[in-house]
Number of protein chains: 2
Amino acid sequence: MDETEKLQTHRRGSGVSTVYETLRNEIIELKLPPGSPIDEQQLSDRFALSRTPIREALVRLAAEGLITTLTNRATIVSNIDFLGLPEFFDALTLMYRVTTRLAATNHTEGDIAAIRVQQKAFEIAVTNRDVLGMISTNRDFHIAIAQAGRNRYYVELFTRLLDEGRRILRLYYSSFNDVLPRQYVGEHEEMIQAIINRDVARADSLASAHADQIVGQIRSYITADSRQTAGLAL
Amino acid sequence: MDETEKLQTHRRGSGVSTVYETLRNEIIELKLPPGSPIDEQQLSDRFALSRTPIREALVRLAAEGLITTLTNRATIVSNIDFLGLPEFFDALTLMYRVTTRLAATNHTEGDIAAIRVQQKAFEIAVTNRDVLGMISTNRDFHIAIAQAGRNRYYVELFTRLLDEGRRILRLYYSSFNDVLPRQYVGEHEEMIQAIINRDVARADSLASAHADQIVGQIRSYITADSRQTAGLAL
DNA sequence: TGCCGACTTCTTGTCGACAATAAAAATACA
DNA sequence: TGTATTTTTATTGTCGACAAGAAGTCGGCA
């Protein structure tokens with residue numbers, strides 16, 4: 001993976017966004033696993049840029065909490081904070097609910113179309129058993145809903161939470177089973193209907209249940225007892 | 001105000017935090033009003049630092065939305081988005097409620113002490129009719145509550161919202177009257193009691209009412225009809 | 001006089017080099 | 001042989017200078 005991203009024709013100031021987005025994706029997709037050291041010089045070589053714009057991108061990532069800089073020493077990809085997981089679940093659930101409620105209230109026809117596109121993509125990922133695709137299209141689906149809700153503060157926080165969720169899910173994605181995703185498709189469909197009908201109460205309860213599903217799923221992965229040698233005779 | 005902040009003994013890497021915090025405060029306190037141009041060279045002179053660390057601080061501020069960079073042209077203090085005010089009020093109210101609820105559930109004795117300190121400071125500002133002090137101690141009071149709730153996501157968002165609120169309030173602070181702040185002191189006191197009693201429902205409804213108060217106050221300032229020449233004979 | 005284009009200037013974006021700091025390695029000592 | 005101390009090394013933080021882009025200025029042309 002040492003191919004230098006050779007975009008010789010850097011439009012002035014475009015490089016830093018490229019670096020930012022590239023790294024951001026690689027962090028969320030766990031190509032750069034938590035704890036990975038981030039070497040400025042190395043990135044400088046890779047993107048054929050000076051260290052200055054690289055640094056700028058890193059500062060942005062640090063502001064989002066995606067990387068952690070140990071002053072004067074090193075900067076690493078932030079670890080997933082398992083101790084803070086309850087907080088994460090609480091905030092995630094609240095954002096699921098709030099954004100879906102607002103979508104039911106504020107959506108336009110264009111929003112519905114956008115949501116349907118994402119739902120379709122999610123469905124395809126499910127039929128293809130493309131677990132990675134499922135994780136990211138599920139995120140896009142809910143962000144589309146959030147955007148229909150028209151509240152940038154919620155969109156921003158929700159995006160951060162969902163992306164953090166993507167990191168966690170990728171850690172466990174091997175154990176994805178088949179029945180749950182199918183169920184999600186149905187739940188998504190119901191949510192879309194509730195939004196279209198502007199039924200806030202139903203949108204809320206569906207979002208709440210959906211959040212519980214997902215939180216429960218993550219919880220079960222994390223607490224899964226995989227001590228396969230526990231039962232052996234001693 | 002052209003006195004150069006002469007901290008000759010910069011501990012390596014401390015300078016950028018100083019710049020960040022100083023500018024952040026000046027923006028929130030409207031010493032740098034919305035739309036003010038931010039000149040890197042000028043800041044470089046003022047803080048006796050090279051443009052590089054200045055730039056780093058600016059990137060951080062931009063990530064928080066406090067400044068806006070027009071690419072290749074200029075960077076200015078972000079304008080207050082009056083069109084987005086409904087979103088702001090909605091998010092603010094939600095955060096008031098959520099953080100107060102969580103505080104009722106999760107607080108420790110130390111948290112209560114910290115909250116009381118801020119409440120006292122707010123009271124003093126009220127008795128002194130120190131409007132600017134009221135605005136900032138009120139913020140600190142609610143952040144203390146949020147911290148007692150132990151959810152960093154909410155603390156972060158709430159802090160951003162309250163700081164944005166400080167900017168808005170400062171725009172209108174001249175019209176602060178006397179009765180409202182006194183009322184706030186009482187409401188704060190009730191909130192503390194509800195938190196101590198771990199009465200989530202009451203904490204919620206108090207927070208909700210308190211939020212409505214403040215939102216209503218801001219709204220009334222903004223929509224206040226101050227066309228003093230409207231009635232003149234023509 | 002009014003509009004279009006080259007030029008100037010000012011600010012931002014980028015670069016390569018240097019300084020400081022902390023970890024790691026090497027050395028001295030008990 | 002183990003520990004404390006010095007030296008080395010690698011990486012970050014900072015600097016001054018240069019390049020590029022955009023707004024404003026000036027001059028030429030219809």
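A polar contact is a pair of N or O atoms within 3.5 Å. With that term in hand, this tour of a predicted model begins at the DNA and then turns to the empty spaces inside the protein.

**Stop 1: DNA strand C and its surroundings**

Select DNA strand C and display the residues around it. There are 18 of them, and those that come nearest are A:R12, A:G13, A:S50, B:R51 and B:R55. Of the atoms of DNA strand C that come within 4 Å of the protein, sugar and phosphate make up 61%.

Next, colour this surface by residue class: 9 residues are charged, 6 are polar and 3 are nonpolar. Then show the helices. Both α3 (51-63) of chain A and α3 (51-63) of chain B supply at least two residues each to the surface near DNA strand C. The largest share, 3 residues, comes from α3(A).

**Stop 2: three contacts with phosphate**

Which part of A:G13 lies 2.9 Å from a phosphate oxygen of DNA strand C? Select A:G13 to see that a polar backbone atom takes this place. Move to B:I38, where a polar backbone atom is 3.1 Å from a phosphate oxygen of the strand. At A:R73, by contrast, a polar side-chain atom is involved, at 3.2 Å from a phosphate oxygen of DNA strand C.

**Stop 3: the largest cavity**

Leave the DNA and look for enclosed space. Rolling a probe the size of a water molecule over the atoms reveals where empty space remains. The whole structure contains 4 cavities of 30 Å³ or more.

The largest has a volume of about 200 Å³. Select B:Y96, B:I135, B:N138, B:L169 and B:I214, which lie nearest its centre among the 19 lining residues. In chain B, the elements giving two or more residues to this lining are α4 (85-106), α6 (131-149), α7 (152-172), α8 (179-196) and α9 (200-223). The largest share, 5 residues, belongs to α7(B). By class, the lining of the largest cavity has 14 nonpolar, 3 polar and 2 charged residues.

**Stop 4: the second largest cavity**

Now select chain A. Among the residues lining the second largest cavity are A:F88, A:Y96, A:N138, A:R139, A:R166 and A:I218. The volume of this cavity is about 110 Å³.

Which helix gives the most to its lining? The answer is α7(A), with 4 residues. Helices α4 (85-106), α6 (131-149), α7 (152-172) and α9 (200-223) of chain A each supply at least two residues. Colouring this lining by class shows 8 nonpolar, 2 polar and 2 charged residues.

Methods. Residues numbered from 1 in each chain as written. Chains lettered and ligands numbered in written order. Predicted model: local features only at pLDDT ≥ 70, side-chain atom pairs only at ≥ 80, totals over all residues. Heavy atoms only, no water. 1 Å grid on protein atoms, 1.4 Å probe; cavity = no way out; pocket = protein on both sides within 12 Å on 5 of 7 lines; lining within 4 Å. Points joined across faces, edges and corners; volume = space filled by probe spheres on them. Nonpolar A, V, L, I, M, F, W, Y, C, P; charged D, E, K, R; others polar. Near = heavy atom within 4 Å. Polar contact = N/O pair within 3.5 Å; in protein donor to acceptor, adjacent residues only side chain to side chain.
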